[in-house]
Amino acid sequence: MKWILLGALAMFLLLGGFLLTPSPIDSQAWQAPPPPALTGVLAPNERLRQAELLAPGQVSGPEDSTVSADGVLYAGTLAGDIVRVFPDGRVQRWVETGGRPLGMVFDHRGNLIVADAVRGLLSVSPGGQVTLLSREAEGTPFRFTDDVAVAPDGTIYFTDASARFGYTDYSLDLLEMRPHGRLLQYSPRTGKARTLLGNLYFANGVVVSPDGDYLLVAETWKYRILRYWLTGPKAGRAEVFADNLPGFPDNLAVDADGHYWVAFPTRRNDSVDALHRSPWLKNLVAKLPERFRPAPEPYGLVMAFDDRGRALISLHDTQGLHLREITSANPHDGYLYFGSLHNDRIGRLPLPAIPELREPAP
């Protein structure tokens with residue numbers, strides 16, 4: 001009896017301590033829309049399993065990638081390195097950013113522009129010299145620099161996913177469900193960054209339209225993509241481009257035919273949608289160790305949209321055995337390159353293997 005009482009007392013003290021410990025978040029409720037049915041264009045398939053695997057086991061967390069004019073593939077890693085994958089398969093550690101390189105793209109001068117989650121907006125010269133372009137906008141520092149795109153006129157557009165939580169705490173940002181994200185613009189001429197659109201629920205992927213008249217930006221936690229107009233009568237205004245998506249949209253890209261590619265690290269999670277209705281419960285869950293919070297499902301998913309936001313095609317790996325947790329789908333020279341936040345490979349799929357893209361939209 002004595003040991004039972006002591007055990008009960010210990011449990012009471014542990015539970016009391018857990019309940020009285022302040023939560024790291026101050027969450028708000030959100031009613032998620034019912035997820036779309038996985039039928040028609042969204043019907044599951046195994047097309048991602050057709051992808052060739054580049055540098056398997058030789059890269060760790062190649063979240064985004066880009067290809068240089070001479071055909072060399074560049075990707076960032078969990079260790080903070082940017083690696084080069086040569087056409088003959090060789091993998092070379094190129095530079096170390098001192099942070100966590102995520103989105104990356106070449107500018108018109110051959111510099112690699114990098115959204116580094118820790119350090120901010122970077123530029124890496126062809127010779128490998130790393131320069132910090134910006135770490136704040138209008139007095140607010142970047143906490144989670146995420147993706148980047150370069151417009152035809154050289155202007156750089158990028159996202160700060162959260163002004164409150166860093167990249168290791170993205171699950172806390174999800175649970176809190178408050179608009180900490182920003183869409184930003186950096187001018188190479190003035191050397192300054194400014195906010196174009198604030199109050200976003202995890203501002204993630206960004207891409208410039210082929211004509212440079214608008215941007216698309218992924219608002220990950222709300223399962224949607226916004227269009228922000230740069231020119232014309234709607235300049236400075238945002239509207240919904242694609243809504244109620246089947247997963248959490250990540251990086252965005254556009255191909256030579258004007259198709260917009262969206263990578264989804266995981267599908268919708270019923271548990272997360274249910275949690276959003278109960279802020280008090282989310283505040284408790286946020287106090288648990290990371291391994292007890294909702295985790296990404298091992299699944300591969302990529303979609304393509306036309307310029308009106310209509311879904312054209314979806315590519316799946318339903319078991320996530322070949323490609324999973326896909327965070328980028330970048331078209332280049334007839335191929336799609338797939339990155340991942342935690343996987344150890346880069347996928348490459350020929351665009352001609354997707355015949356639907358050659359068919360006219362209804």
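Glycine 236 is a good place to start in this predicted model. Find the loop that runs between strand 18 (224-229) and strand 19 (238-242), and you will find glycine 236 there. Is this glycine buried, exposed or partly exposed? Its relative accessible area is 44%, and because buried means under 20% and exposed means over 50%, glycine 236 counts as partly exposed. Leaving aside residues up to four places away in sequence, glycine 236 touches Tyr228 and Trp229. You can also use glycine 236 to get a sense of distance: valine 207 is 29 residues away from it in sequence, and the two C-alpha atoms are 16 Å apart in space.

Valine 207 leads us on to the largest pocket, since Val207 is listed with Val105, Ala253, Val254 and Pro331 as the residues nearest the centre of that pocket. How can one look for empty space in a model? Rolling a probe the size of a water molecule over the atoms shows where empty space is left. The largest pocket has a volume of about 760 Å³, and 35 residues line it. Several strands give two or more residues to this lining, among them strand 2, strand 6 (101-106), strand 16 (203-208) and strand 24 (326-332). Which strand gives the largest share? That is strand 12, with four residues. Sorted by class, the lining of the largest pocket holds 21 nonpolar, eight polar and six charged residues.

The second largest pocket contains about 490 Å³ of space. Its lining is made of 29 residues, and those nearest the centre are Tyr170, Trp221, Pro265, Pro296 and Leu341. Here the classes come out as 15 nonpolar, seven polar and seven charged residues.

Now let us go back to strand 2 and follow the chain from there. Strand 2 (residues 65-67) pairs with strand 3 in the antiparallel sense, over three bridges. Within this pair, valine 67 stands opposite leucine 73. Five residues lie between the two strands of this hairpin, where glycine 71 takes a positive phi near 85°. Strand 3 (residues 73-76) sends Leu73 and Ala75 one way and Tyr74 and Gly76 the other way, yet all of them are buried.

Strand 3 has another partner as well: four bridges join it to strand 4 (residues 81-85), again in an antiparallel arrangement. Leucine 73 appears here too, standing opposite valine 85 in strand 4. The hairpin formed by strand 3 and strand 4 has four residues between the strands, and glycine 80 in the turn has a positive phi of about 95°.

Two serines round off the tour. Serine 162 sits in the loop between strand 13 (156-160) and helix 2 (170-176). Serine 162 counts as buried because its relative accessibility is 0%. Its side chain reaches the backbone nitrogen of arginine 164 at 3.1 Å. Not counting residues up to four places away in sequence, the neighbours touched by serine 162 are Arg143, Phe144, Asp173, His180 and Gly181.

Serine 209 belongs to the loop between strand 16 and strand 17 (214-219). With a relative accessibility of 3%, serine 209 counts as buried. What does the side chain of serine 209 make a polar contact with? Its partner is the side chain of aspartate 213, at 2.5 Å. Beyond residues up to four places away in sequence, serine 209 touches Tyr214 and Tyr260.

Terms used. Residues numbered from 1 in each chain as written. Predicted model: local features only at pLDDT ≥ 70, side-chain atom pairs only at ≥ 80, totals over all residues. Heavy atoms only, no water. Buried < 20%, exposed > 50% of the residue type's maximum accessible area, 1.4 Å probe, protein only. Polar contact = N/O pair within 3.5 Å; in protein donor to acceptor, adjacent residues only side chain to side chain. Contact = heavy atoms within 4.5 Å. Pairing = 2+ DSSP bridges. 1 Å grid on protein atoms, 1.4 Å probe; cavity = no way out; pocket = protein on both sides within 12 Å on 5 of 7 lines; lining within 4 Å. Points joined across faces, edges and corners; volume = space filled by probe spheres on them. Nonpolar A, V, L, I, M, F, W, Y, C, P; charged D, E, K, R; others polar.
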